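Visitor: Please pick one part of this model and look at it closely. I am new to it, so show me also how that part fits into the whole.

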Amino acid sequence: MTPPFSYRGGALHAEDVPLEAIAKEFGTPCYVYSKAALVSAYREISDAFSSIGHLTCYAVKANPNIGVLNLFAKMGSGFDIVSLGELQRVLLAGGDPSKVVFSGVGKREDEMRAALDAGIFCFNIESEPELDRLARVAQAMNRKARISFRVNPNVDAKTHPYISTGLRQNKFGIPYDDALRLYEKAEGLESIEISGIDCHIGSQLTELSPIVEALEKILILVDTLEERGITLSHIDMGGGVGIRYSDEQPPEMAEYAKSLITKLAGRPLKLILEPGRFLVGNAGILLTRIEYLKHGEEKNFAVVDCAMNDLMRPALYDAYHEIVQVNAGQGKDVYEIVGPVCETGDFLGHGRTLGAKEGDLLAILSAGAYGMSMSSNYNSRPRAAEILVDKGDCHVLRERETLASLTEFERLIPDAAQS
Ligand code: LLP
């Protein structure tokens, strides 16, 4: 495979294109994705799970650009959505609605109706009132809604608390001990068709044991349901497989697959996976330019032209992203890499060694997942452009927002209201 990001002659390239050239043509800050990396991550999953019936449902929230979705759709991917907006993106991108699962604790009635209309595969139900609501909505539409319950297995995913979802105290899923009762209730509902069982214990998992423990607990439920005459046809193990940002040692996809496949052996259950970060995280970088090198009393600052509004993960989770120079520089100093936003929390990296001068380009690595998707217009900053590199070609997946777009939906107070 063409390496997604590599140095050639001292200059960092995205596939065959120098990042310097991308900055020149499209400006900074700018997200740059490698098509080869997206394709290869998708294939890694398909290959690892090829021995069992499975469906990859890409978690749209990780990177919802329709160009990215279209690429996965063409490879046969399904999608995990959490809103009407995400459903619309999947449909616009040519995604197959019959491969869509709908997750999330707060599905509105209009979202349920639209998903039923589109003919999605399955609703991942997260509470009893949600089941009641879906049954009512489907009944009124004269439809049957296919469901699974997202069960909270109460296992510690050993990840950042903000992205850990499988503990009893989290808002996600139905309590484990309620599952049998709810499946029996669902069975009695005319407009509901039970298809499977679901769980997602958290994101950026770097250990296998919590997911295996969750699967074991889910399989106990599957067996108990079977004894009571409720046969499931799929099991959805969510997403969560971690990637390497610095020195983490996330499980290899093949190893992850092997442990799930071993547990599922001999069961006629189709496996659904909802990977987000694994598919896109290391396929993208955020390209930024140094505006100022500022030598403070205690610290040096490299003030760059991207900020927490472009990449929120460092500010929100204290997340580490490797930051590298696009072209080799001279001299060395330790810098706080910060953006122009008026908050001390606006940092991209702490204590990084650079040999750089003003105007130099930096690449913030592993920014393909939850980068652009969590961006905002804070400080009235237009969102960055998104570029996909395919060997020697660049494709604009999203234009840089304009100043005009910032106020597009705003209105002045009419004169009469002011007096
Ligand atoms: N399925 C469900 C139901 C989810 O809630 C999530 C992520 C996924 C799948 C995909 O998980 P992944 O494979 O990407 O780990 N903003 C955070 C991550 C939030 C994850 C939310 N749910 C971050 O930047 O680390």
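Guide: Two residues are in contact when heavy atoms of theirs lie within 4.5 Å. Keep in mind that this is a predicted model.

Start with the layout. The protein is divided into domain 1 (5-33 + 281-406) and domain 2 (104-273). Their centres, taken over C-alpha atoms, are separated by 36 Å. The two do touch: 10 residues of domain 1 are in contact with eight residues of domain 2.

The part to look at closely is strand S20 (385-390). How many of its residues are buried? Six of six are, so S20 is mostly covered, since buried means under 20% relative accessible area. In a regular strand, side chains alternate between the two faces of the sheet. For S20, both faces are covered. Ala385, Ile387 and Val389 are buried on one side. Glu386, Leu388 and Asp390 are buried on the other.

Now turn to its partners. Strands of a sheet pair through backbone hydrogen bonds, either parallel or antiparallel. S20 shows both kinds. With strand S4 (30-34), S20 pairs in the parallel sense over five bridges. In that pairing, Tyr33 stands opposite Leu388 of S20. With strand S21 (residues 393-398), S20 runs antiparallel, and five bridges join the two. There, Val389 of S20 stands opposite Cys394 of S21. S20 and S21 form a hairpin with two residues between the strands, and Lys391 in this hairpin takes a positive phi near 55°. Most residues other than glycine have a negative phi, and most peptide bonds are trans.

Follow S4 back a little. Pro29 lies in the loop between helix H1 (19-26) and S4. The peptide bond from Thr28 to Pro29 is cis, with omega near -10°.

Before H1 comes a small sheet. Three strands form it, open, in the order S1-S2-S3, with antiparallel pairing. Its edge strands are S1 (5-8) and S3 (17-18), each pairing on one side only. Strand S2 (residues 11-14) pairs with S3 over two bridges. Ala14 stands opposite Val17 in S3.

Next, the loop that leads into S20. Asn379 sits in the loop between strand S19 (361-364) and S20. Its phi is near 65°, a positive value in a residue other than glycine. At 33% relative accessibility, Asn379 is partly exposed. Ser375 lies in the loop between S19 and S20 too. Is Ser375 buried or exposed? It counts as buried, at 7% relative accessibility. Neighbours within four places in sequence aside, Ser375 is in contact with Asn309, Asp310 and Arg383. From Ser375 to Glu226 there are 149 residues in sequence and 45 Å in space, C-alpha to C-alpha.

What of the nonpolar cores? The largest has 103 residues, and Phe49, Phe123, Ile147, Phe149 and Ile235 touch the most other members. Helix H8 (residues 209-227) gives the most to this core, with nine residues. Domain 1 and domain 2 each supply at least three residues to this core. Apart from this core lies another, of 19 residues, and Val389 of S20 is among its members, as are Val32, Val326 and Leu365.

Go across to domain 2 for contrast. Ile235 touches, among others, Leu215, Ile218 and Leu219, as well as Leu264 and Leu269, not counting residues up to four places away in sequence. Leu205 lies in the loop between strand S11 (192-198) and H8. Leu205 is buried, with a relative accessible area of 3%. Its contacts beyond four places in sequence include Ala157, Thr159, Ile211, Pro250 and Pro251.

One helix pair belongs on the tour too. Helix H6 (residues 128-140) and helix H7 (residues 179-187) pack at an angle of about 10°, their axes 11 Å apart. That makes H6 roughly parallel to H7. Glu128, Leu131 and Asp132 of H6 make the contact with Arg181, Leu182, Lys185 and Ala186 of H7.

Return to S20 to finish. Its six residues are buried, S4 pairs with it in parallel, and S21 runs antiparallel to it.

Definitions and conventions
Residues are numbered from 1 along each chain as its sequence is written. This is a predicted model: local features need pLDDT of at least 70, side-chain atom pairs count only at pLDDT 80 or more; totals for chains, interfaces and linings use all residues. Side-chain values use heavy atoms; hydrogens and water are left out. Two strands pair if DSSP finds at least two bridges between them. Helices (H or I, at least four residues) and strands (E, at least two) are DSSP runs, numbered from the N terminus. A nonpolar core is a set of buried Ala, Val, Leu, Ile, Met, Phe, Trp, Tyr and Cys residues joined through side-chain atoms within 4.5 Å. Buried means under 20% relative accessible area, exposed over 50%, partly exposed in between (1.4 Å probe, protein chains only). Domain bounds come from an automatic or database domain assignment. Axes are lines fitted to C-alpha atoms, for helices over the stretch in contact, and angles run from 0 to 180 degrees between N-to-C directions. Angles under 35 degrees count as roughly parallel, over 145 as roughly antiparallel, 65 to 115 as roughly perpendicular and the rest as oblique.
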